[in-house]
Amino acid sequence: MNREAAKGTVLPDRQTTLLHSLLPHIRRMGRAESSRESFQEVFEAYYDRVRHFFLGRGLAPEECRDLIQETFLRVYQGKGVFGSTGEFEAWLFQIALNVYRNAKRAKYAVKRNVHEESLDQWMEEHREGVPGRGGEAWSNPLEQFLDRERRFLLASALTRLPRQMRRCMVLRIHHELKYRDIADKLEISVETVKAHLYQGKQRLQELLDDLSKD
Amino acid sequence: MSTRASLTDSLKQLARGVEENLSSHPRPETLLAYCGGELAPTESAAVEEHITWCRECSDILDDLPQFLSGEVPEADPREKSADWSGLMDQVNRTERSEHRPAVAETSSFWPRSAQLIAAILVLSVGASVFWVANLKGRLNEALEPRPNIPIYDLDPPAAERAGEEALGLELAARNRAVLILNPLGSVPPGAYTVRFVSADGVTVWTSESLEPTEFGNFNLELVGGSLPPGRYRIDVLGPQPDSERLVGSFVFRLLRSSS
């Protein structure tokens, strides 16, 4: 992760000039005698990165556009006063992330309600426990128990691995990252990643054997 | 299936389960501080542990340097222009609704009264005297003007800087206003403590059962006359049992009502 770039200290000349000239507009946006022209300057300058942020979350283009508008609407209504473009950009990021999380929560709430209705309806229709999603849970308690037991043992074993080894394993298996990407993320060499993955699996297997004997 | 393959599958399943059960995520300002190397070692380790399991936060953190530097692909200018127009429409609508005077709900008077009259006619055959009197009371109520309740959005003071005035509300006695408190970070479900603190640091009102809305913010209804004019801070803490964790502080000024 290029933290220097994140702080805005290493930028191409054109970008530096652009941001420097934006500061008066950002400041004017916060005043009552505003600021639609200033707001438009700010919108023009930051639209691409806000759009890129939402697209990066895997949202459909139309949904992205709704969230972009919501973000800038909050910027307009918020009208803070900032000492630097960096402060404003940090604030803009906070708004964008909150808008995204709010939208996701709202979507999840709708989905959950729909899901619960469907499951209730299903259970009503399958009161006798006909095999299906609900039926399987009722008719295979032993398998369910064994499944839970395996997950518990595995979780216990994972917590006993060294932190970096555990991170390597989860980044490989859960995030499905390549060795090079894991190495970059953890700031270690590819060889170290490979060693962690190999030893991690060995140790997990040993730990699982020990735990299941207890 | 070999032992090694089944271990991988089990790990995958476990990791997905852990991820699905994550109840909260680092606040945006925490991610910013982590990206800038400004967190204490324990806080940094906590973020690292979270992003190990949470693919979404991990991706957001990966995208953050690009967001801050602005080195991103350019959008189609026509799309940008269309979004600007849409945004201005929303801004105009919002500003118009803020200036709309309180009016009685007269536009629906005739349809509602027509329905009530029809109900009275249908049910008057065999209806009790008490029931008819009750409906007459409701008709009178429908004829009285009902002022719109104003709604105010409050953001934490991080969005306000020195020298900028906090939002001022003028609220006549017995009138109501809705305050929407918008915290910056994520808000896990649960019961939260809310405290109204006056300018001299005195807690004038508190409740321990405030619940967030589905949008991750909090709604409070303020009744005119319940607080004297002045500057107030609203602290939201929680969720229970952690009643000392500050979720957000929101400042506003209650102005002396002219009515």
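**Figure 1. Salt bridges across the interface of chain B and chain A.** In this predicted model, the rule picks out 10 salt bridges running across the interface of chain B and chain A. One of them pairs the side chains of B:Glu56 and A:Lys104, with N to O at 3.0 Å. Polar contacts are here too: 25 residue pairs make them across the interface, both partners being at pLDDT 80 or more. On the side of chain B that touches chain A, the elements giving two or more residues are helix 1 (3-20), helix 2 (28-35), helix 3 (41-53), helix 4 (55-69) and helix 5 (77-99) of chain B. Helix 4 of chain B gives the most, with 15 residues. Sorted by class, that side of chain B has 34 nonpolar, 19 polar and 22 charged residues.

**Figure 2. The area buried between the two chains.** Interface size is often quoted as the accessible area lost when the parts come together. For chain B and chain A, the buried area comes to about 7000 Å², and carbon and sulfur atoms give 58% of that. Three residues stand out on the chain B side: B:Phe67, B:Lys80 and B:Trp84 supply 11% of the area that chain B buries against chain A, more than any other three residues. As for who takes part in the contact, chain B brings 75 residues and chain A brings 71 residues.

**Figure 3. B:Glu79 reaches over to A:Arg51.** These two side chains meet in a salt bridge, 3.1 Å from N to O. B:Glu79 sits in helix 5 of chain B and A:Arg51 in helix 3 (residues 36-55) of chain A, so this pair joins two chains. How exposed are the partners? B:Glu79 is partly exposed at 23% relative accessible area, while A:Arg51 counts as buried at 18%, because the cut-off for buried is under 20%.

**Figure 4. A salt bridge within one helix of chain A.** Here A:Arg74 pairs up with A:Glu70, and their closest N and O atoms are 3.1 Å apart. The two are four residues apart in helix 4 (residues 61-78) of chain A, so about one helical turn separates them. Both ends get the label partly exposed: A:Arg74 with 24% relative accessibility and A:Glu70 with a relative accessible area of 28%.

**Figure 5. B:Glu48 and A:Arg167, plus a shared network.** The salt bridge between B:Glu48 and A:Arg167 has its closest N and O atoms 3.8 Å apart, so it makes the 4 Å cut-off. This pair crosses between chains, going from helix 3 of chain B, where B:Glu48 lies, to helix 8 (residues 163-173) of chain A, home of A:Arg167. B:Glu48 is buried at 16% relative accessibility, and A:Arg167 is buried as well, with a relative accessible area of 9%. Elsewhere, salt bridges with shared partners tie A:Glu62, A:Arg65 and B:Asp83 into one network. Over all chains, a search of the whole structure turns up 17 salt bridges.

**Figure 6. Buried cysteines of chain A.** How many disulfides does a search of the whole structure find? Zero, over all chains. Two cysteines are worth a look anyway: A:Cys64 counts as buried at 2% relative accessibility, and A:Cys168 counts as buried at 0%.

Conventions
Residues numbered from 1 in each chain as written. Chains lettered and ligands numbered in written order. Predicted model: local features only at pLDDT ≥ 70, side-chain atom pairs only at ≥ 80, totals over all residues. Heavy atoms only, no water. Contact = heavy atoms within 4.5 Å. Buried area = accessible area lost by both parts, 1.4 Å probe. Polar contact = N/O pair within 3.5 Å; in protein donor to acceptor, adjacent residues only side chain to side chain. Nonpolar A, V, L, I, M, F, W, Y, C, P; charged D, E, K, R; others polar. Disulfide = S-S within 2.5 Å. Buried < 20%, exposed > 50% of the residue type's maximum accessible area, 1.4 Å probe, protein only.
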